[in-house]
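Here are my notes on this model. Please read them with the structure open.

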Amino acid sequence: MKRILGIVASQRVLGNSELLTKAAMEATGADTQKEMIRLTDLNIKSCKACYRCLPPDVPCHINDDLQFLLDKIRAADAVVIAAPCYFLGPQGSIRVFQDRFLSVGNKAEEFRGKPCICIMTYGATDMKGYAEAALNLTARFLNLNLIDSDSFFGASPAEVLEDPGNLERVRQMGRGLMDPGYRRTFKANECPVCWSDLFRYEGKDIVCPFCNTRGEFKAEGQEVKMVFYPRDNHRFTEEGRYEHFDVYLNSKKREFLAKKDHYQKLQEPYRSLDWWIKPPEKD
Ligand SMILES: Cc1cc2nc3c(=O)[nH]c(=O)nc-3n(C[C@H](O)[C@H](O)[C@H](O)COP(=O)(O)O)c2cc1C
(Lines give C-alpha, C1' and ligand atoms only; values in the text may rest on other atoms or scores of the structure.)
Protein backbone atom coordinates (compact mmCIF):
# COMPACT_ATOMS: atom_id res chain seq x y z
CA MET A 1 0.00 0.00 0.00
CA LYS A 2 1.44 3.41 -0.99
CA ARG A 3 2.01 5.83 1.88
CA ILE A 4 0.98 9.45 1.29
CA LEU A 5 2.25 12.14 3.66
CA GLY A 6 0.56 15.54 3.84
CA ILE A 7 2.49 18.41 5.44
CA VAL A 8 0.41 21.50 6.23
CA ALA A 9 2.10 24.74 7.27
CA SER A 10 -0.95 26.50 8.69
CA GLN A 11 -2.30 26.79 12.21
CA ARG A 12 -5.84 27.09 10.89
CA VAL A 13 -7.87 23.95 11.55
CA LEU A 14 -9.83 23.11 8.39
CA GLY A 15 -8.22 26.10 6.71
CA ASN A 16 -7.64 26.34 2.99
CA SER A 17 -4.25 24.57 2.98
CA GLU A 18 -5.57 21.69 5.06
CA LEU A 19 -8.72 21.29 2.93
CA LEU A 20 -6.82 21.24 -0.36
CA THR A 21 -4.22 18.85 1.07
CA LYS A 22 -6.99 16.49 2.16
CA ALA A 23 -8.67 16.72 -1.26
CA ALA A 24 -5.38 15.96 -3.03
CA MET A 25 -4.65 13.05 -0.69
CA GLU A 26 -8.18 11.71 -1.12
CA ALA A 27 -7.64 11.71 -4.89
CA THR A 28 -4.76 9.24 -4.49
CA GLY A 29 -7.47 6.62 -3.94
CA ALA A 30 -8.98 4.62 -1.12
CA ASP A 31 -6.14 2.11 -1.13
CA THR A 32 -3.38 4.47 -0.01
CA GLN A 33 -2.25 4.91 3.58
CA LYS A 34 -2.57 8.57 4.57
CA GLU A 35 -0.85 10.55 7.31
CA MET A 36 -0.78 14.30 7.91
CA ILE A 37 1.55 16.53 9.87
CA ARG A 38 0.76 20.08 10.90
CA LEU A 39 4.17 21.68 10.49
CA THR A 40 3.25 24.57 12.78
CA ASP A 41 2.64 22.09 15.64
CA LEU A 42 6.15 20.64 15.43
CA ASN A 43 9.00 21.90 17.51
CA ILE A 44 11.51 22.76 14.79
CA LYS A 45 14.16 25.13 16.03
CA SER A 46 16.26 27.61 14.08
CA CYS A 47 19.45 26.38 12.40
CA LYS A 48 22.42 27.22 14.64
CA ALA A 49 24.80 27.54 11.68
CA CYS A 50 27.31 25.31 13.51
CA TYR A 51 28.03 23.24 10.35
CA ARG A 52 28.47 20.10 12.46
CA CYS A 53 26.00 18.28 10.20
CA LEU A 54 28.01 18.75 7.00
CA PRO A 55 29.66 15.30 6.84
CA PRO A 56 27.33 12.91 4.99
CA ASP A 57 26.98 10.57 7.99
CA VAL A 58 26.28 13.22 10.65
CA PRO A 59 22.68 14.29 11.33
CA CYS A 60 21.74 17.67 12.80
CA HIS A 61 22.43 17.50 16.54
CA ILE A 62 19.56 19.77 17.60
CA ASN A 63 17.15 17.70 19.63
CA ASP A 64 13.73 18.62 18.26
CA ASP A 65 11.10 17.26 15.85
CA LEU A 66 13.18 17.60 12.66
CA GLN A 67 14.22 13.94 12.61
CA PHE A 68 10.60 12.84 13.13
CA LEU A 69 9.58 14.88 10.10
CA LEU A 70 12.47 13.70 7.94
CA ASP A 71 11.81 10.07 8.94
CA LYS A 72 8.18 10.47 7.92
CA ILE A 73 9.22 11.87 4.53
CA ARG A 74 11.72 9.00 4.13
CA ALA A 75 8.97 6.49 4.87
CA ALA A 76 6.46 8.09 2.49
CA ASP A 77 5.98 7.10 -1.14
CA ALA A 78 4.52 10.50 -2.05
CA VAL A 79 4.36 13.88 -0.35
CA VAL A 80 1.94 16.83 -0.39
CA ILE A 81 3.28 20.12 1.01
CA ALA A 82 0.85 23.00 1.56
CA ALA A 83 1.35 26.48 2.96
CA PRO A 84 -0.48 29.78 2.91
CA CYS A 85 1.16 32.92 1.62
CA TYR A 86 2.08 35.15 4.57
CA PHE A 87 3.46 38.58 3.75
CA LEU A 88 4.29 37.57 0.20
CA GLY A 89 6.27 34.46 1.15
CA PRO A 90 5.40 31.00 2.44
CA GLN A 91 4.23 30.73 6.08
CA GLY A 92 7.19 30.91 8.48
CA SER A 93 7.36 27.26 9.56
CA ILE A 94 8.32 26.41 5.97
CA ARG A 95 11.28 28.78 6.12
CA VAL A 96 12.42 27.44 9.49
CA PHE A 97 12.20 23.89 8.09
CA GLN A 98 14.12 24.90 4.96
CA ASP A 99 16.85 26.52 7.05
CA ARG A 100 17.56 23.10 8.55
CA PHE A 101 18.33 21.62 5.12
CA LEU A 102 22.08 22.08 5.65
CA SER A 103 21.77 18.74 7.41
CA VAL A 104 20.09 17.06 4.44
CA GLY A 105 21.60 18.80 1.41
CA ASN A 106 24.17 16.09 0.83
CA LYS A 107 22.08 13.29 2.31
CA ALA A 108 19.17 13.92 0.01
CA GLU A 109 19.65 10.64 -1.90
CA GLU A 110 17.19 9.15 0.59
CA PHE A 111 14.44 11.38 -0.75
CA ARG A 112 15.29 11.23 -4.43
CA GLY A 113 12.43 10.58 -6.81
CA LYS A 114 9.56 10.56 -4.34
CA PRO A 115 6.73 12.37 -6.13
CA CYS A 116 5.69 15.58 -4.43
CA ILE A 117 3.12 18.31 -5.05
CA CYS A 118 3.11 21.79 -3.50
CA ILE A 119 -0.06 23.74 -2.77
CA MET A 120 0.05 27.45 -1.98
CA THR A 121 -3.02 29.29 -0.73
CA TYR A 122 -3.37 33.06 -0.74
CA GLY A 123 -6.01 35.63 0.15
CA ALA A 124 -5.26 38.72 -1.93
CA THR A 125 -5.07 38.41 -5.71
CA ASP A 126 -2.35 41.03 -6.01
CA MET A 127 -0.23 39.68 -3.13
CA LYS A 128 0.92 36.20 -4.15
CA GLY A 129 4.50 37.45 -3.93
CA TYR A 130 7.17 34.76 -4.18
CA ALA A 131 5.30 32.23 -2.03
CA GLU A 132 4.78 29.40 -4.55
CA ALA A 133 8.32 29.53 -5.93
CA ALA A 134 9.75 29.61 -2.40
CA LEU A 135 7.46 26.81 -1.20
CA ASN A 136 8.61 24.66 -4.10
CA LEU A 137 12.18 24.95 -2.84
CA THR A 138 11.19 22.65 0.03
CA ALA A 139 10.72 19.84 -2.48
CA ARG A 140 13.69 20.85 -4.62
CA PHE A 141 16.25 21.02 -1.79
CA LEU A 142 14.93 17.75 -0.34
CA ASN A 143 15.53 16.12 -3.73
CA LEU A 144 11.87 15.14 -4.01
CA ASN A 145 10.43 14.81 -7.49
CA LEU A 146 8.23 17.91 -7.71
CA ILE A 147 5.62 16.90 -10.28
CA ASP A 148 3.20 19.78 -9.82
CA SER A 149 2.55 22.97 -7.88
CA ASP A 150 -0.12 25.63 -7.95
CA SER A 151 -1.52 28.63 -6.08
CA PHE A 152 -5.15 28.74 -4.93
CA PHE A 153 -7.16 31.82 -3.95
CA GLY A 154 -9.18 31.86 -0.74
CA ALA A 155 -8.94 34.27 2.17
CA SER A 156 -11.41 32.91 4.75
CA PRO A 157 -11.13 29.29 5.88
CA ALA A 158 -12.89 27.08 3.25
CA GLU A 159 -13.27 29.97 0.79
CA VAL A 160 -10.93 28.08 -1.49
CA LEU A 161 -13.65 25.42 -1.94
CA GLU A 162 -16.15 27.93 -3.33
CA ASP A 163 -14.46 27.67 -6.71
CA PRO A 164 -15.05 24.14 -8.00
CA GLY A 165 -12.09 24.61 -10.34
CA ASN A 166 -9.79 24.59 -7.31
CA LEU A 167 -11.01 21.17 -6.18
CA GLU A 168 -10.76 19.82 -9.71
CA ARG A 169 -7.19 21.12 -10.04
CA VAL A 170 -5.96 19.87 -6.69
CA ARG A 171 -7.51 16.45 -7.31
CA GLN A 172 -5.67 16.29 -10.63
CA MET A 173 -2.46 17.05 -8.72
CA GLY A 174 -3.29 14.33 -6.19
CA ARG A 175 -3.98 11.75 -8.88
CA GLY A 176 -0.64 12.72 -10.43
CA LEU A 177 1.10 11.39 -7.33
CA MET A 178 -0.09 7.91 -8.31
CA ASP A 179 0.81 8.23 -11.98
CA PRO A 180 4.54 7.73 -12.69
CA GLY A 181 4.15 9.51 -16.07
CA TYR A 182 2.50 12.64 -14.66
CA ARG A 183 4.29 15.98 -14.71
CA ARG A 184 2.73 19.41 -14.85
CA THR A 185 2.88 21.02 -18.28
CA PHE A 186 5.41 23.78 -18.84
CA LYS A 187 4.00 27.29 -18.57
CA ALA A 188 5.31 30.12 -20.73
CA ASN A 189 7.41 32.77 -18.98
CA GLU A 190 8.59 30.56 -16.16
CA CYS A 191 11.98 29.07 -15.40
CA PRO A 192 12.03 25.66 -17.10
CA VAL A 193 14.11 24.22 -14.25
CA CYS A 194 12.36 25.40 -11.07
CA TRP A 195 9.14 26.91 -12.51
CA SER A 196 9.66 30.27 -10.84
CA ASP A 197 8.23 33.27 -12.66
CA LEU A 198 10.48 35.74 -10.83
CA PHE A 199 13.65 36.90 -12.53
CA ARG A 200 16.69 39.07 -12.04
CA TYR A 201 18.09 41.09 -14.90
CA GLU A 202 21.83 41.04 -15.53
CA GLY A 203 22.69 43.08 -18.58
CA LYS A 204 20.47 41.63 -21.28
CA ASP A 205 20.23 38.28 -19.48
CA ILE A 206 17.27 37.05 -17.46
CA VAL A 207 18.47 35.03 -14.46
CA CYS A 208 16.34 32.76 -12.28
CA PRO A 209 17.21 33.73 -8.68
CA PHE A 210 16.52 30.21 -7.45
CA CYS A 211 18.51 27.97 -9.80
CA ASN A 212 20.57 30.53 -11.76
CA THR A 213 19.19 29.33 -15.11
CA ARG A 214 19.89 32.06 -17.64
CA GLY A 215 17.90 33.25 -20.58
CA GLU A 216 17.11 36.29 -22.66
CA PHE A 217 14.28 38.05 -24.41
CA LYS A 218 14.06 37.22 -28.10
CA ALA A 219 11.87 38.83 -30.72
CA GLU A 220 9.86 36.35 -32.74
CA GLY A 221 7.88 38.22 -35.37
CA GLN A 222 5.61 40.63 -33.49
CA GLU A 223 6.15 38.84 -30.17
CA VAL A 224 8.88 39.01 -27.58
CA LYS A 225 9.58 35.67 -25.91
CA MET A 226 11.70 34.51 -22.99
CA VAL A 227 14.23 31.96 -24.15
CA PHE A 228 16.16 29.99 -21.54
CA TYR A 229 19.43 28.10 -21.67
CA PRO A 230 19.14 25.48 -18.93
CA ARG A 231 22.37 23.78 -17.87
CA ASP A 232 22.37 20.12 -17.00
CA ASN A 233 24.38 20.85 -13.81
CA HIS A 234 22.08 23.41 -12.20
CA ARG A 235 21.71 23.73 -8.43
CA PHE A 236 19.17 20.95 -8.03
CA THR A 237 21.03 18.25 -9.97
CA GLU A 238 23.27 15.77 -8.20
CA GLU A 239 26.29 17.69 -9.50
CA GLY A 240 24.94 21.07 -8.40
CA ARG A 241 24.01 19.70 -4.99
CA TYR A 242 27.49 18.14 -4.58
CA GLU A 243 29.18 21.39 -5.63
CA HIS A 244 27.35 23.41 -2.98
CA PHE A 245 26.83 21.09 -0.02
CA ASP A 246 30.03 19.02 -0.26
CA VAL A 247 32.61 21.11 -2.05
CA TYR A 248 31.75 24.75 -1.30
CA LEU A 249 30.39 24.49 2.26
CA ASN A 250 33.14 22.11 3.39
CA SER A 251 35.78 24.37 1.88
CA LYS A 252 34.31 27.31 3.81
CA LYS A 253 34.33 25.22 6.99
CA ARG A 254 38.01 24.28 6.46
CA GLU A 255 38.84 27.89 5.70
CA PHE A 256 37.06 29.01 8.87
CA LEU A 257 39.00 26.52 11.00
CA ALA A 258 42.29 27.63 9.43
CA LYS A 259 41.52 31.34 9.91
CA LYS A 260 39.75 31.11 13.25
CA ASP A 261 42.31 33.23 15.13
CA HIS A 262 42.25 35.87 12.42
CA TYR A 263 38.45 36.03 12.51
CA GLN A 264 38.52 36.28 16.31
CA LYS A 265 40.80 39.30 16.03
CA LEU A 266 38.28 40.93 13.68
CA GLN A 267 35.54 40.23 16.23
CA GLU A 268 37.52 41.52 19.19
CA PRO A 269 36.63 45.26 19.13
CA TYR A 270 32.94 44.34 19.16
CA ARG A 271 33.03 41.67 21.89
CA SER A 272 32.70 44.11 24.79
CA LEU A 273 29.86 46.07 23.19
CA ASP A 274 27.18 44.29 25.16
CA TRP A 275 23.96 46.04 24.21
CA TRP A 276 21.74 42.95 24.12
CA ILE A 277 18.37 43.10 25.83
CA LYS A 278 15.80 40.38 26.52
CA PRO A 279 12.08 40.51 27.26
CA PRO A 280 11.12 40.12 30.92
CA GLU A 281 10.45 36.56 32.16
CA LYS A 282 6.78 35.57 31.86
CA ASP A 283 5.16 33.99 34.93
C1 LIG B 1 -0.33 36.80 8.87
C2 LIG B 1 -0.98 36.65 7.52
C3 LIG B 1 -0.36 37.18 6.42
C4 LIG B 1 -0.92 37.02 5.15
N5 LIG B 1 -0.27 37.52 4.08
C6 LIG B 1 -0.79 37.35 2.83
C7 LIG B 1 -0.10 37.82 1.69
O8 LIG B 1 0.98 38.39 1.75
N9 LIG B 1 -0.67 37.61 0.47
C10 LIG B 1 -1.87 36.98 0.33
O11 LIG B 1 -2.32 36.82 -0.79
N12 LIG B 1 -2.54 36.49 1.40
C13 LIG B 1 -2.03 36.66 2.65
N14 LIG B 1 -2.70 36.16 3.74
C15 LIG B 1 -3.94 35.39 3.53
C16 LIG B 1 -3.71 33.89 3.55
O17 LIG B 1 -2.68 33.54 2.66
C18 LIG B 1 -4.98 33.16 3.12
O19 LIG B 1 -6.02 33.49 3.98
C20 LIG B 1 -4.80 31.67 3.07
O21 LIG B 1 -5.89 31.07 2.42
C22 LIG B 1 -4.70 31.08 4.45
O23 LIG B 1 -4.56 29.69 4.33
P24 LIG B 1 -5.04 28.72 5.53
O25 LIG B 1 -6.52 28.85 5.60
O26 LIG B 1 -4.59 27.39 5.10
O27 LIG B 1 -4.33 29.18 6.75
C28 LIG B 1 -2.16 36.33 5.01
C29 LIG B 1 -2.79 35.82 6.15
C30 LIG B 1 -2.21 35.98 7.40
C31 LIG B 1 -2.90 35.39 8.61
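What covers the buried residues of α1? The points below begin there. Keep in mind that this is a predicted model.

1. **The cover over α1.** Strands β1 (2-8), β2 (32-38), β3, β5 and β6 (145-153) are among the elements that cover the buried residues of α1. Helix α5 (164-176) is also included in that cover. The helix is mostly covered, with nine of its eleven residues buried. The buried ones are Asn-16, Ser-17, Glu-18, Leu-19, Leu-20, Thr-21, Ala-23, Ala-24 and Met-25.

2. **The ligand shell.** There are 21 residues around the ligand. Gly-15, Ser-17, Pro-84, Tyr-122 and Gly-123 come nearest. Ser-17 therefore appears twice in these notes: it is one of the buried residues of α1, and it is one of the residues that come nearest to the ligand.

3. **Where the shell comes from.** Helix α1 (16-26) supplies at least two residues of the shell around the ligand. So do β3 (78-86) and β5 (115-122). Both strands also belong to the cover over the buried residues of α1. By type, the shell divides into ten nonpolar, eight polar and three charged residues.

4. **Domains.** The domain assignment gives domain 1 (1-185), domain 2 (186-236) and domain 3 (238-270). The C-alpha centres of domain 1 and domain 2 lie 25 Å apart. Their contact takes seven residues from domain 1 and seven residues from domain 2. On the domain 1 side, helix α4 (residues 131-141) gives the largest share, four residues. That side divides into three nonpolar, three polar and one charged.

5. **The open sheet.** Four strands form an open sheet in the order β7-β8-β9-β10. The pairing is antiparallel. Which strands stand at the edges? They are β7 (200-202) and β10 (223-229). Each has a single partner strand, so one side of each is left without a neighbour in the sheet. Neighbouring strands of this sheet are turned by 35° against each other on average, direction ignored.

6. **Inside the sheet.** Strand β8 (residues 205-207) and strand β9 (residues 214-220) run antiparallel and are joined by three bridges. Look at Val-207 here: Arg-214 in β9 stands opposite.

7. **Glu-190.** This residue lies in the loop between α5 and β7. Is Glu-190 buried or exposed? Neither label fits: Glu-190 counts as partly exposed, because 17 C-beta neighbours lie inside 10 Å and the buried class needs 20 or more, the exposed class 12 or fewer. Leaving aside neighbours within four places in sequence, Glu-190 is in contact with Trp-195, Ser-196 and Asp-197. Glu-190 and Met-226 are 36 residues apart in sequence, yet 8.5 Å apart in space, C-alpha to C-alpha.

8. **Gly-240.** Gly-240 has its place in helix α6 (residues 238-258). Why is Gly-240 partly exposed? Because 17 other C-beta atoms lie within 10 Å, a count between the limits of 12 and 20. Not counting residues up to four places away in sequence, Gly-240 touches Asn-233, His-234 and Arg-235. Leu-144 is 96 residues away from Gly-240 along the chain, and their C-alpha atoms are separated by 15 Å.

Key: Residues numbered from 1 in each chain as written. Predicted model: local features only at pLDDT ≥ 70, side-chain atom pairs only at ≥ 80, totals over all residues. Near = placed C-beta within 6 Å. Nonpolar A, V, L, I, M, F, W, Y, C, P; charged D, E, K, R; others polar. Contact = placed C-beta atoms within 7 Å. Domains from an automatic or database assignment. Pairing = 2+ DSSP bridges. Axes fitted to C-alpha atoms, helices over the stretch in contact; angles between N-to-C directions.
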